[in-house]
Amino acid sequence: MTFILAAAIAIVSPDVPKPYEATAAKELGAYLEKCVPSGKITVGGATDVVFHVGDTVLARAKGLAAEQIDEDRWIVRSFGKDVVLVGGGTRGTLYAVSHFLEDFCDVRWWSDREEDAPMHDSLALPALDVSGKPAFLYRSIHRSHNRAEADPRLAIRRRLNSNGLVPIPAEWGGGVEYGPPDHAHTFDMYLPWSKYGKEHPEWYSLVGGKRIGGQFDGQLCLANPDLKAAFLGKLREMIAKGDATAREKGLVPPRLYEISMNDNGKACECEACKAEYEKWGKSGQYLRFVNALAAEIAKERPEIFLTTLAYLYTDEPPKGGVRAADNVIVKLCDTRSNAAASILEPGNDVFVKLLAGWQGKFSHLFVWDYAITFDNRTLGFPYASEFHYADTYRHYIANGASGIFWEHEYPLVSDLWEIKFYIESRFFEDPYLDEATLIRDAFRRYFGPAAKAVFAARRRLEEARVRAKAVVGWSNEFTFISDDDLAAMSALWDEAEKRAKDAPTYLRRVKNARLGTDKLAEYRRKMPLRRADGTYVADVSHLDLSHVNERGRRGGVIDDPESPICGKAVAFETEPNAHGYLSLPFSFGVYDTGTKKVTGGREFKNIDTSPGYHWYTLENTTIPDNAMLFFTRAWQVQAPFGYPLLSGKKFDIRVAAKFEGPEYIPGSTATNRIFIAGYELVPR
Ligand SMILES: [Zn+2]
């Protein structure tokens, strides 16, 4: 099957192309039309170039039959004017096309939204003979559960073979997918406590003297002699279901089935289990159970792997000679590393030690790793992990890991997502690429004229982290970035914007990439200031006034020499005798934006009627993780309040307020007005 593009470029497919071969040919055609609209392409000097995509007659004639090529290996080779793009398995040909477009046409896929497909007047290619096979067997970057936010095309174009938790369809080569029920914490999905707990309490863990199971309350009793048969029956059902679904979708049947503990630390406390822990360790007992299932499955379906989590009480290596069977994949979760530092830095050795301990105890190991911080308040705050991926990948592969599942969610807001994603995917293919060249090239291509300034901002960030010996986990305050660092970084981002001002694409990228730094600056501005005596103070600049003028009310910031905090106040007027939310009692309190509940508050029916400001105190209040302070019954003035440094601590909250007018002060002739100067926090 041959088709000729508008630009007179010829593309040949197999006579009956597989869905992924048809996609590969279409993909090549679409990008060649974009990148070389003149159609002027030569290969090793030859004109009238013809591209042969997939398992074509020419590829077979040249000894490049697809079925003889390893899964995920890709080959781009020219024979005179003929260029063969082919690969093994269902994805190799797609990889050949994306490599050709990247390596020879300068196409780059950065995210679902950002790509470069530069236009060339003509394309003079050398004689071509390149090929490759990704170093890692399992290459997964999870960015969203939602298909609309995780287009599988990006995964294939970047040579991943898993799109996180969003499956890759057959026409894009399919992925290395998990069969049902899920990719993690599956004990209760196989044998739900709610379904079998009554009839077979003995299958479930003994916790605090009672048999209990369930995703959050218990586990299975792995010493129970009847459990294996029951579980195996369910596993066979799941495999049949996985096969059927794959058949429907035209996909290769799933090769991974997850057998793993529920998401809690409540291991069985029965005597039989305890005896087994003694012999093999908790992870050893658990692995023996998975191995026993795997031995049965190996007889029936040798291509299937059972995967299992080494997590919480099972992340310690097994003892007593237990090792995972050849068709079992151990998945180690890296939840304790310093995400901003190299895995090889002193002080970042928790996971290194864990990985060392597991040596010799598995045939296949995947790592579940994290490329983001999860706390909503600090999500997107900058940390320069792009400089350390090389160490991570090299350490993993040198220690036997053949796959990584990256959690790298929130592409729109997480720190420098496009650059990090690009580097993550490149190292999957070759962890020994020269990292300095790779990183500089990524910055140069992604930020164009702004690259140098952005790079300088990131170096400054990294220097700050090193100087402060900072640890970045899932919810940090990022105090390692000093106010000076922040100012310097902001100035460099300004410089980057200036350099990109005439290039809308680069300018958009710079503006998006600086959001984390801007968010941190905003966070610092709104956070109450700590005084030398340990108390905190917040003036009007820390208050959120976006509701002050709602519902026809008039208000705003005024200069007020009487204000006990920085000579300013937020003032708002109310109509005389209005029975609204601005009438007494005056109130303020703490709202937990996580649970959506008011967790503390006080109403002051009697205000101090003597002139000037007075302090109103809410005593001994615990600050929730995600909190907001509100003032007046209308919550007209608010203050973001959820800062990790404050959360969980107890304070007296003192608010400085002044009241004028007959509604508040009997006999007053002034207009009814409330003034709020700010607040203080006094630790308990
Ligand atoms: Zn037990």
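## Strands, cores and buried residues in a predicted model

In strand 26, the residue that forms a bridge with Gly589 is Phe630. This pair belongs to a longer match, since strand 23 (residues 586-592) and strand 26 (residues 627-631) run antiparallel to each other and are paired over five bridges. These details, like everything that follows, are read from a predicted model. The two strands are part of an open sheet of four strands, whose order is 24-23-26-27 and whose pairing is antiparallel. Strand 24 (597-604) and strand 27 (637-640) are the edge strands of this sheet, each pairing on one side only. From one strand to the next, the twist averages 15°.

### The chain as a whole

The protein chain has 684 residues, of which 45% count as buried, and it contains 16 helices and 29 strands. Taken along the principal axes, its C-alpha atoms fill a box of roughly 105 × 75 × 45 Å. Among contacts between residues at least 6 apart in sequence, 66% join residues at least 24 apart. The chain is divided into domain 1 (2-132), domain 2 (177-308), domain 3 (453-527) and domain 4 (530-683), and the C-alpha centres of domain 1 and domain 4 lie 66 Å apart.

### Strand 29 and its partners

How many of the 12 residues of strand 29 (residues 672-683) are buried? The count is 10, so strand 29 is largely enclosed by the rest of the structure. Among the strands that pair with strand 29 are the three in the table, with one bridged pair of residues given for each.

| Strand | Bridges to strand 29 | Sense | Residue pair |
|---|---|---|---|
| Strand 20 (residues 536-538) | three bridges | antiparallel | Tyr536 and Leu681 |
| Strand 22 (residues 568-574) | five bridges | antiparallel | Val570 and Ile676 |
| Strand 28 (residues 650-660) | 10 bridges | antiparallel | Ala656 and Gly678 |

### The nonpolar cores

The largest nonpolar core has 144 residues, and those with the most contacts inside it are Leu85, Val454 and Val510. Helix 8 (residues 271-300) gives the most to this core, contributing nine residues. Leaving out residues up to four places away in sequence, Val454 touches Phe443, Phe447, Ala496, Val510 and Ala513. A second, separate core of 40 residues includes Ala569, Phe588, Phe659 and Phe675.

Helix 8 also holds Lys282. Is Lys282 buried or exposed? A residue counts as buried when 20 or more other C-beta atoms lie within 10 Å of its own, and Lys282, which has 21 of them within that distance, is therefore buried. Apart from neighbours within four places in sequence, Lys282 is in contact with Ala267, Tyr277, Tyr313 and Thr314. The C-alpha atom of Lys282 is separated by 53 Å from that of Gly448, and these two residues are 166 residues apart along the chain.

### One face of helix 10

In helix 10 (residues 389-398), the residues Tyr389, Ala390, Thr392, Tyr393 and Tyr396 are buried. Seen down the axis of helix 10, the buried residues fall within an arc of 165°, so they line one face of the helix. An α-helix has 3.6 residues a turn, which means that residues three or four places apart point the same way. The cover over the buried residues of helix 10 includes strand 17 (364-370), strand 18 (401-407), helix 11 (417-429) and helix 12 (435-447). Just after helix 10 comes Gly400, which takes a positive phi of about 90°.

### Backbone details in the loops

Asp72 has a positive phi of about 70° although it is not a glycine, and its place is in the loop between helix 2 (57-61) and strand 5 (74-79). Because Asp72 has 24 C-beta neighbours inside 10 Å, it counts as buried. Tyr410, which is not a glycine either, has a positive phi of about 55° and is found in the loop between strand 18 and helix 11. With 16 C-beta neighbours inside 10 Å, Tyr410 counts as partly exposed. Another loop, the one between helix 4 (152-157) and helix 5 (187-190), contains Pro181. The peptide bond that joins Pro180 and Pro181 is cis, with an omega of about 5°.

Conventions. Residues are numbered from 1 along each chain as its sequence is written. This is a predicted model: local features need pLDDT of at least 70, side-chain atom pairs count only at pLDDT 80 or more; totals for chains, interfaces and linings use all residues. A nonpolar core is a set of buried Ala, Val, Leu, Ile, Met, Phe, Trp, Tyr and Cys residues joined through C-beta atoms within 7 Å. Two residues are in contact if their C-beta atoms, placed from the backbone, lie within 7 Å. Two strands pair if DSSP finds at least two bridges between them. Axes are lines fitted to C-alpha atoms, for helices over the stretch in contact, and angles run from 0 to 180 degrees between N-to-C directions. Domain bounds come from an automatic or database domain assignment. The arc is that of the directions from the helix axis to the C-beta atoms.
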